[in-house]
Amino acid sequence: MQKIILVRHAEALDRAKAVKKNVFDPDRYLTKDGIKKLIENIKRNRKLFKNIDVYMTSTYLRSEQTLDVILKATKATKTRKIILADISPNDKPHSLIKWLKKHKKKNVLVVSHEPFLSHFLEEFL
């Protein structure tokens, strides 16, 4: 049975603060508190992160950073990391669903955003 783990990126720089700092939305980075909470959640749910074949992330910095923290915290050694441009906040989930159906034997962890993750769940389930 295929395992699909959906992870919303950890807490990132607030939108209003990003605007003041001239940081564009795709470049918003994780906060120290966001990283700390993410590591705590990974430790509490360590079993969930076992036997992952493919790790996917959007191109947004906060999503990539979240995946990097997951990989480091779980000490993942054999990793296949895929960066997808079309799993960003307002994208439609069609291409991810198509990929998952084609690779049914792969256990996948997807780091993305809202509302993408909610739209994915609506269509996939």
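**Exercise 1. Is Glu-40 buried, partly exposed or exposed, and what is its relative accessible area?**

*Solution.* The model is a predicted one, in which local features need pLDDT of at least 70 and side-chain atom pairs count only at pLDDT 80 or more, while totals for chains, interfaces and linings use all residues. Residues are numbered from 1 along each chain as its sequence is written, and side-chain values use heavy atoms, with hydrogens and water left out.

Begin with the classes: buried means under 20% relative accessible area, exposed means over 50%, and partly exposed lies in between, with a 1.4 Å probe and protein chains only. Glu-40 has a relative accessible area of 35%, so it is partly exposed. To place the residue, note that helices (H or I, at least four residues) and strands (E, at least two) are DSSP runs, numbered from the N terminus; Glu-40 belongs to helix α2, residues 32-44. Finally, its C-alpha atom is separated by 15 Å from that of Lys-75, a residue 35 positions apart from Glu-40 along the chain.

**Exercise 2. Determine the order of the elements in the protein chain and judge its compactness.**

*Solution.* The chain contains five helices and four strands, and from the N terminus these elements follow the order β-α-α-β-α-β-α-β-α. The radius of gyration is 14 Å, close to the 14 Å given by the globule rule for 125 residues, so the chain is as compact as a globular protein of that length; here the radius is taken over C-alpha atoms, and the rule is 2.2 Å times the number of residues to the power 0.38. Along the principal axes, the C-alpha trace spans about 45 × 30 × 20 Å. Of the 125 residues, 40% count as buried. Taking a contact as heavy atoms within 4.5 Å, residues 24 or more positions apart account for 76% of the contacts with a separation of 6 or more.

**Exercise 3. Describe the two faces of strand β1 and its pairing with β4.**

*Solution.* In strand β1 (residues 4-8) the side chains alternate: Ile-5 and Val-7 are buried and point to one face, whereas Ile-4, Leu-6 and Arg-8 point to the other and are not buried. Two strands pair if DSSP finds at least two bridges between them; five bridges join β1 to the parallel strand β4, residues 108-112. Within this pairing, Leu-6 stands opposite Val-110 of β4.

**Exercise 4. Work out the surroundings of Thr-57.**

*Solution.* Thr-57 is located in strand β2, residues 54-58. Its relative accessibility is 0%, so Thr-57 counts as buried. Leaving aside residues up to four places away in sequence, Thr-57 touches Ser-63, Glu-64, Leu-67, Lys-81, Ile-82, Ile-83, Leu-84, Ile-87 and Val-111.

**Exercise 5. Inspect the backbone at Asn-51, Lys-75 and Pro-115.**

*Solution.* Take Asn-51 to start with: this residue, which is not a glycine, has a positive phi near 60°, lies in the loop between α2 and β2, and is exposed, with a relative accessible area of 63%. Turn next to Lys-75, also not a glycine, whose phi is positive at about 55°. Lys-75 sits in the loop between α3 (61-73) and β3 (81-84), and at 69% relative accessibility it counts as exposed. For Pro-115, the peptide bond leading from Glu-114 is cis, with omega near 5°, and Pro-115 is in the loop between β4 and α5 (116-124).
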